[in-house]
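Take a walk through this protein with me. Keep the 3D view open and follow each stop.

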Amino acid sequence: MAVLQSPWHYSGLILLFILLGTLREARAGQIHYSIPEELDKGSFVGNIARDLGLEPQELAERGVRIVSRGRMQLFALSLRSGSLVTAGRIDREELCAQRARCLVNFNILVEDKLNLFPVEVEIVDINDNAPRFLREELEVKIIENAALSSRFPLMEVYDPDVGVNSLQGFKLSENSHFSVEMPGKADGPKYPELVLERALDREEQAIHRLVLTATDGGDPARSSVARILVTVLDANDNAPVFTQPVYRVNVPENLPVGTPVLSVNATDQDEGAHAEVTYSVVRITEKISKTFCLNVLTGEISTSAVLDYEDTSFYELDIEARDRPGLQDRAKVLITILDVNDNVPEVAVTSGSRSVAESTPPGTVIILFQVYDRDSGLNGLVTCSISRSLPFELEKSVDNYYRLVTSTVLDREQVSTYNITVTATDKGMPPLSTEMLISLNVADINDNPPAFPHTSYSVYIPENNPRGASIFSVTAHDPDSRENAQVTYSLAEDTIQGVPLSSYISINSDTGILYALHSFDYEQFRDLQLRVIASDSGDPPLSSNVSLSIFVLDQNDNTPEILYPILPTDGSTGVELAPRSAEPGYLVTKVVAVDRDSGQNAWLSYRLLKASEPGLFVVGLHTGEVRTARALLDRDALKQSLVVAVQDHGQPPLSATVTLTVAVADSIPDVLADLGRPEVPHDSDASGLTLYLVVAVAAVSCVFLAFVIVLLALRLRHWHLSRLLQTSGSGLAGVPASHFVGVDGVRAFLQTYSHEVSLTADSRGSHVIFPQPNYADTLISQESCGKSEPLLIPEDFCKEQDSAVQQAPPNTDWRFSQAQRPGTSGSQNGDETGTWPNNQFDTEMLQAMILASASEAADGSSTLGGGAGTMGLSARYGPQFTLQHVPDYRQNVYIPGSNATLTNAAGKRDGKAPAGGNGNKKKSGKKEKK
């Protein structure tokens, strides 16, 4: 009988384990604890905070946690106490089986620094399992002639505990023939042997009933029993014998299912039925029974399932050979599984972030991951790599851990997302590899200001633009993202003529569209200089600016302004003198006008719109000079009325009119004398002409009355045709002045009831005009324009006259630029239909001549048909009227196409040709009296 070892006291053993658990192993960088198995959940293992050099409250702050792989968590961290505790009950036998030392390894990760600390916990066995027989009853057949000291193997006894807690001895019930012994083995299953101490005699006792007790060395000791039935057989001299006691074989794990592994062989020297041997597996587990198959007749062992080195690398089988009478022999089969490279490496990300700021310095740890291979040896040795073109590197850490760190500074505007392929390759033959894709987003920082596509912008808008209209749009691009790329627009603070810029221009802060808050006036200012600021919404915000030049384009919005002649304020009409002796081309007066617009809108042309004596006077198209077209005759009326229209070249053109009264006489007394007496015809030819004119006027009057009667009748019957006639009527404004053939000259005779019939050539109808009194002063009165008669003056012509009457006073602040001032017409050689001057030298010469003439007239040294300094107006206003009240238009007077200057009219009458004139000559002293 085996002697049982002395048990230890259980409570003392637990205390010893706790004391051992507080010790750290001396190995560098590793923390070691030791605890007994079967502790309750939450039991103290070790003070991990102290061993890491941290305070308990720092565990949560620094993100300390347990990192393990491939098994459930056996331990946990108590963040309040800083201790390592059990996460549940730990069964050493389930965890480590029969290994002498049960070690659990894991790592402690400090999250903020990404540092790993290996920890090893040893699970110490306690006596929590009793020895257990594989079968509780066993029949042993022994031949009666068995030799003394013969040994008969019994059933397997297994104790999961190790060390002193494992199976220590057997005890056999009282008998006279047998004893029990146990072969010396350290751990694992025990096979007790029944030893024959006394010869058997079947005839004396054929059956022996024994009780076998197995006891371990724990404190308290645990035990179990089995019943053994010994049957004494008849003699069988020889038992089967294996060819070798231990069979060893190495097979690769990729061996196909059904492949024979090896064959065992046992021989029996007996003959007949005593030599028939069968094979069986004595110790068989569920795993072995599923993996291998034994042929009971041949002893061949083959695979019945796929072998996996990573699951089980070693198998031990106990094979028994038994003959028919029951004699037996046993042998061991040791099967070693060889590893092949059949597992690809695996990559598992442990910690880290999938986003990194572009301002991250080189060497920053981004991700911590682990690689492992279930194979062994070189097949399980794994190396990791990434593409060298990426701005990242891999650094080897502890226990197959790798760190992904930055190697250069990142720029999100160049690359916003990195797809990093981590390749893990083992060193097997052939090598196997796996790839893991890590998508890393580069987080944006506000490191780029908004940028405009151009350094400056120029915008051209016409004047008189509507208020609130959009005039331009600017766009700035920010390569950043999200709020760092949200651009807002604003205008730099500035003033224009003392007024804040924001009063003229506004900008939409989101779209960059600029709006005009005022209607711009080209004559007020011609350009605006401003700066547009684009700012992003980052922290801190970045901005950039761009210059914007807004140029106001001139529109034809100013009617020509007549500077001379100036209408008197008392309602009278100024009078210009024309001597009876004047020859054709004699300069009577000159209409001077300016236009506040510029360019083509300020080019003026003059035309004679109406004259009381057609064909007697002409007006220079570009100069505004009123000259005689023929020699004055005695029959010409003393008082001649001229309506001169001044029109610019804008689109649409604007015009103004002025009424001139020309007195045909050699001097002021002659004018007063002729006006004071009735005019008597001097010859029969004049009387005959007057008679013809009276008859013609009477005939026309009759035709007019008949036409009016017929028209009224038609209107009563066909009243709806009046609108059609009104819309289809042709205006007089569009008909050239040369198409009119006036029937005039009877004004002296028809002072009280007079009318005028104007027939237009190439016209579909005739227009009958009832002129008002003083029609010589104004072409069309406002009252006649207000009438709704469809046959009278067209509407647009009346509007043109209204605009001429209601013209705005000149603004002395406006100026023509040098490029916009047309030149003189001195180079045109007096041609009225010539091109517009555009020579700068001619322009300067014209300005000088005009200023000289204006100064001379203001000093009283030059006149036009009158006394000194009166420009021909002394006949009406007296010598005290001078040009001193005339404003200074030295910068804005423009007379296009002129080939003459304002000179002394008296000099003309004395026979002196004006400078640059067209050759008008008059003999000195020649006068013609009526």
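Is Tyr-692 buried or exposed? Keep in mind that this is a predicted model. Tyr-692 has a relative accessibility of 60%. The cut-off for exposed is over 50%, so Tyr-692 counts as exposed. Find this residue in helix α7, which covers residues 684-717. Tyr-692 has company on the surface: with Leu-691 and Val-695 it forms a nonpolar patch. Together, the three have about 350 Å² of accessible area.

Now turn to a sheet. It is open, has 4 strands and shows mixed pairing. Read the strands in the order β18-β25-β24-β21. At the edges sit β18 (246-252) and β21 (277-283), and each of them pairs on one side only. On average, neighbouring strands of this sheet are turned by 30 degrees against each other, direction ignored. Look at β24 (residues 314-323) and β25 (residues 328-338). These two run antiparallel, and 9 bridges join them. Here Ile-319 stands opposite Ala-331 in β25.

Next come the aromatic rings. How do we describe a pair of them? We use the distance of the centres and the angle of the planes. The structure holds 9 aromatic pairs. One of them is Phe-369 with Tyr-402: the ring centres are 5.9 Å apart and the planes lie at 15 degrees. Planes under 30 degrees apart count as stacked, so this pair is stacked. Phe-369 belongs to strand β28 (residues 365-372) and Tyr-402 to strand β31 (residues 401-406), so the pair ties together parts that are 33 residues apart in sequence.

Are these two rings' residues, Phe-369 and Tyr-402, buried or exposed? Phe-369 is buried, at 0% relative accessible area. Tyr-402 is buried too, at 8%. Finally, find Tyr-504, Phe-520 and Phe-525, which form one aromatic cluster.

Notes
Residues numbered from 1 in each chain as written. Predicted model: local features only at pLDDT ≥ 70, side-chain atom pairs only at ≥ 80, totals over all residues. Heavy atoms only, no water. Patch = residues over 30% accessible without salt bridge, like charges linked within 9 Å, V, L, I, M, F, W, Y side chains within 5 Å. Areas by Shrake-Rupley, 256 points an atom, 1.4 Å probe, with all protein chains shown as cover. Salt bridge = Lys/Arg side-chain N within 4 Å of Asp/Glu carboxyl O. Buried < 20%, exposed > 50% of the residue type's maximum accessible area, 1.4 Å probe, protein only. Pairing = 2+ DSSP bridges. Axes fitted to C-alpha atoms, helices over the stretch in contact; angles between N-to-C directions. Phe/Tyr/Trp six-rings, centres within 6.5 Å; stacked < 30°, edge-to-face > 60°.
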